[in-house]
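Trainee: Could you walk me through one part of this model in detail? I'd like to see how the helices pack around the core.

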Amino acid sequence: MLIDAFVRIFGPNLPVFGLLVVGITVEKYYVSRVTVFTNVLALNVSFLSLEEAPRLLVWYGDIGLLLGTYGMAAYLLSMKTWRLYNVPAFTMYASLPVAAVVLAAPSDWWIALLVAGVVNFVGGMLLESEGVAMAHWRPRHGEVSRFIRTKTMEFVDPYGVHQKVDLEIGFEP
């Protein structure tokens with residue numbers, strides 16, 4: 001069976017990597033609040049394979065579980081999340097930091113979190129400032145943030161014709 005091959009490759013961490021893949025996919029194409037929830041589930045599932053997890057690592061997982069649950073509830077109820085949620089959620093519980101923590105040794109998890117969190121935050125800011133919309137580095141995708149800020153965006157119709165759309169005026173000729 002194909003699943004046997006996955007189990008041989010990933011071992012007992014298969015559920016963790018499955019949740020991270022879902023999180024990364026959702027982060028790339030959808031809403032990051034859902035990603036925080038799936039990433040935190042992956043993080044906490046990874047603790048189950050440890051004989052003894054460091055206390056601070058468990059607290060990191062518990063705080064993430066609270067943030068992830070709040071983010072998922074906010075998404076399901078169409079509520080806006082605030083900076084107090086957004087900053088820790090999108091720097092410490094995004095896919096890259098969580099994957100780094102899961103892959104790191106239990107004694108070195110905080111180094112992996114620090115490095116991956118900084119890379120995630122700084123990299124996201126740099127990419128977004130260059131106009132590259134690779135992932136949800138913030139609560140909104142970069143293109144959505146630019147559209148809200150400028151109220152214009154480029155629309156490509158099914159025939160490949162590029163048109164500028166102005167929110168207040170409509171299509172520009």
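**Core and helix packing**

Mentor: Sure, and keep in mind that this is a predicted model. The largest nonpolar core has 20 residues, and those with the most contacts inside it are Val-36, Leu-43, Tyr-60, Tyr-93 and Val-101. At least two residues each come from helix 2 (14–29), helix 3, helix 4 (55–76), helix 5, helix 6 (95–103) and helix 7 (109–129). Helix 3 gives the most, with five residues.

Take Leu-43: leaving aside residues up to four places away in sequence, Leu-43 touches Tyr-60, Gly-61, Tyr-93, Val-98, Val-101 and Val-102.

Now look at how helix 5 sits against its partners. The axes of helix 3 (residues 32–47) and helix 5 (residues 83–92) come within 10 Å and cross at roughly 55 degrees, which makes helix 3 oblique to helix 5. The crossing is left-handed. On the helix 3 side, Ser-32, Arg-33 and Val-36 make the contact, and on the helix 5 side Tyr-85, Ala-89 and Phe-90 do. Sorted by class, that's four nonpolar, one polar and one charged residues.

Then there's helix 4 against helix 5. Their axes come within 11 Å and cross at roughly 120 degrees, so these two are oblique to each other. Helix 4 also passes helix 5 in a left-handed crossing. Here Tyr-60, Leu-67, Tyr-70 and Gly-71 of helix 4 meet Tyr-85, Pro-88, Ala-89 and Met-92 of helix 5. By class, this contact has seven nonpolar, one polar and no charged residues. Notice that Tyr-85 and Ala-89 turn up in the contact with helix 3 and again in the one with helix 4.

Conventions: Residues numbered from 1 in each chain as written. Predicted model: local features only at pLDDT ≥ 70, side-chain atom pairs only at ≥ 80, totals over all residues. Heavy atoms only, no water. Axes fitted to C-alpha atoms, helices over the stretch in contact; angles between N-to-C directions. Helix = DSSP H or I, 4+ residues; strand = E, 2+ residues; numbered from the N terminus. Parallel < 35°, antiparallel > 145°, perpendicular 65-115°, else oblique. Left-handed = near helix turned anticlockwise from the far one by under 90°. Contact = heavy atoms within 4.5 Å. Nonpolar A, V, L, I, M, F, W, Y, C, P; charged D, E, K, R; others polar. Core = buried A, V, L, I, M, F, W, Y, C linked by side-chain atoms within 4.5 Å. Buried < 20%, exposed > 50% of the residue type's maximum accessible area, 1.4 Å probe, protein only.
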